[in-house]
Structure formats: structure tokens, C-alpha cells
Amino acid sequence: MTANRRDVVMGMGAGFAAAYGLGFAGKLSAAQPRRKLGYAIVGLGSYATNQIMPRIGGCEHARLTGLVSGTPEKLARYGAEYGIPSTHHYNYANFDSIRDNPDIDIVYVVLPNSMHAEYTIRAAQAGKHVMCEKPMAISSAECEAMIAACRKAGTRLMIGYRSQFEPHNLYAMALAQRGDLGPTRIITSEHGFYAQPNQWRLERSLSGGGSLMDIGIYSLQAARYLAGEEPTEVMAMETTDRSDPRFATVEDRIDFQLRFPSGVMASCVSSYSSNHNTYRFHGRDGFLRAEPATSYDGHQFWVHRDGETREVVLPPPPKNQFAAQLDHLPEAIFAGVEPRASGEEGLRDMRIIEAIYQSAREGRAIRLTGS
């Protein structure tokens, strides 16, 4: 690397977003309603209260209209903070009565993984559209049941893959898929953090697995959206210190490789014992490095080409990744189309995750079909 400079990249507005399916302006008619659709948040844990709910105020097409929690104190506190009347507060026992509330159009499921399928299906049966946090569920069979329930009810289902709405990640996808650095050949993607003890993520009955079912999905997602195609083969290896009480029922680290039809190879890391948030893709003529790549903020990206490394600096987006994601589902509903991060996208990830676990158990490569 002979030089290092910063380049401000413009042109990240509506045209860029539309090119990647983030807008539906051309599919909306003037006769269609443009009122803000109401979200009910199911599960008032830290992610919901610290990341999702504060962003709804910045949405064009979404508003917060309902709360669901098993803790009355949380319902009272956040109801007062966001102006949600007690008539729009629900617990898990009376959740199904949400069907009678016309102010709630969408249910956002932010519960432990093992509860995703139940509350997605119940929301669909109540006639509500669904945003469900990742991972979509704890098995591909559950994912299929969720998709079937929403299809039967005529409601939309979207998975909370926020990085698919983050400008730096959209920029990386565009760069890789346009071939600006030559045909992509190698992808590396590493995501991990030190998991503190005594949390539901470390209980298999709630999480369905360890780091792979949590932070590892970012490694898998990045490999897939940078490759722009679906893998055909996976090989994986697990490393877990079973003397660590955190890992009594779940795995710590899984390293896995994905082979894609074009010949692209991806090497990925998922970890609960080391800190990673980076990916890199190499083409014939250069590479892109992202670190942090999929964080809540502070993204940094560099492109290396012709012996020179440039930091890519993007202008501030009109909406951050959370608001853009929250707005996308109402836009898809208005347009009558499937959202970008549909239930089928979550199902594809879950089928690959199941193959990764199988490969780690059996110590052999697993062929993927229909992922």
C-alpha cells in the first residue's frame, strides 16, 4: 500500500436506494393511503428499547402504537415515554386480542429466538403484518411454518436484517456486484464479542444455539450479500471450552467456509469469546475492507486498488439503518410486494446454519440444496 487517503463518495440518495430495492415509489399509486403504519413492539428488552423504539420517531411511514411485555412496570414506563395509552398495552396472555386494535398494523417480534415462531404465527392469525428479529427461528421447519402462516393470512413477513439497509453495506454490495474491483474471488467475514454470563443467549432452550445463532449471522449474511449468490457447499469446525460455564449448552466459536457456484470462497468466523466486526472481499484488481462493518454506527470502509488505499466516506444518510428498515416494511405493504429481507431470506439463512452445525458435528463438507 503506497498511499492512504479519504474519498467522499456521493450519489447515495434515492437512485442508489431504488437500485437495491429500498424504495417502491414507482409501484405506489396516488390512490393508495400514505398514513403511517402502526408498530406494536413485542418484547421490551434492551435491543427494543435502546435501538428500535427511539428510531421510530424518525420514520416517514411508521409510528409506534402498541407495546407487548410480561412486565407491567415496563409497559407503564415506556407507555408514558412514548405516549402509548394503556388500551394499547398487551401481555403474552392477551396478545391475541391485538386483532381488535386497528391502530396496530405491524407486530415487531423482539423476543428470545425460541419464541419467534409462536408470536409470528399468532400475529399473522390476528391479521397483522410481522417484522421478526434475526435469527428468524430456531429451525428451518419453524421458518417454513411462519412463512405459511403469513401467506395464509395475506400478511407480509420481514426479518430484521438491519445491515441490508445500512449505506456502507449497500455500497460494498454495489462495489462487489458491479465488479469494480474485478470479479470477486475471496470473502472473509468475522463477527464476535465476549458474551457475558447469565443471559438468555447462552441457554439453548431460548436461543437454539450459541454464537452462530446470534453474531455469526452477520458473517453469513455478509458472505451471501457480497457474493451475490447462494452457497452450494459448507465446511465447518467448532471450538468450545466446555469447562467455561457460559458454554454448558451452546457453542462458542464456529469457523466455516462457503463455496459459491461462481468459484467464490468465503471464510467466516462466529465467536462468543473474541471481538470481531469486519469483512473483506478480494477481487482480481483490489479489495474492500470494512471495520467495523455491521455495527450500530461508526462504520469505516477502505478500498485498495492500483497500489493505493482509500477510505470511503459516505455522506450522512437521510435515515439510519434502523429507521430505513422500519420504513421499508410499510412501503412494501403499500406497494403490495415482498420486502427486501423477506421470510424466505430468513429461511435461506436457517438452512445454511443447520448445514454448518451438521458439518461441525460430522467433520465433513455438506452440500446445500435449495438454500
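**Exercise 1. Determine what share of the residues in the protein is buried, and set this beside its overall dimensions.**

Step 1. With buried defined as under 20% relative accessible area, exposed as over 50% and partly exposed as in between (1.4 Å probe, protein chains only), buried residues make up 57% of the 371 residues. The structure is a predicted model, in which local features need pLDDT of at least 70 and side-chain atom pairs count only at pLDDT 80 or more, while totals for chains, interfaces and linings use all residues. Residues are numbered from 1 along each chain as its sequence is written, and side-chain values use heavy atoms, with hydrogens and water left out.

Step 2. Counting helices (H or I, at least four residues) and strands (E, at least two) as DSSP runs numbered from the N terminus, the protein has 10 helices and 16 strands. Its radius of gyration, taken over C-alpha atoms, is 21 Å, close to the 21 Å given for 371 residues by the globule rule, so the protein is as compact as a globular protein of that length; the rule is 2.2 Å times the number of residues to the power 0.38.

Step 3. Along the principal axes, the C-alpha atoms fill a box of roughly 60 × 55 × 35 Å.

**Exercise 2. Identify the bridge partners of Ile187 in E12 and in E11.**

Step 1. Two strands pair if DSSP finds at least two bridges between them. Strand E8 (residues 184-192) runs antiparallel to strand E12 (residues 276-283), the two being joined by eight bridges, and Ile187 stands opposite Phe281 in E12.

Step 2. Seven bridges join E8 to strand E11 (residues 265-271) in the parallel sense, and there the bridge partner of Ile187 is Ala266.

**Exercise 3. Find the edge strands of the open sheet of six strands.**

Step 1. The strand order of this sheet is E4-E3-E2-E5-E6-E7, with parallel pairing.

Step 2. Strand E4 (89-90) and strand E7 (157-159) are the edge strands, since each pairs on one side only.

Step 3. E4 is joined to strand E3 (residues 62-68) over two bridges, in the parallel sense, and Val68 stands opposite Tyr90 in E4.

**Exercise 4. Locate Arg34 and state how far it is from Pro330 in sequence and in space.**

Step 1. Arg34 lies in the loop between helix H1 (14-19) and strand E2 (37-42), and it is partly exposed, with a relative accessible area of 39%.

Step 2. Although Arg34 and Pro330 are 296 residues apart in sequence, their C-alpha atoms are 9.2 Å apart in space.
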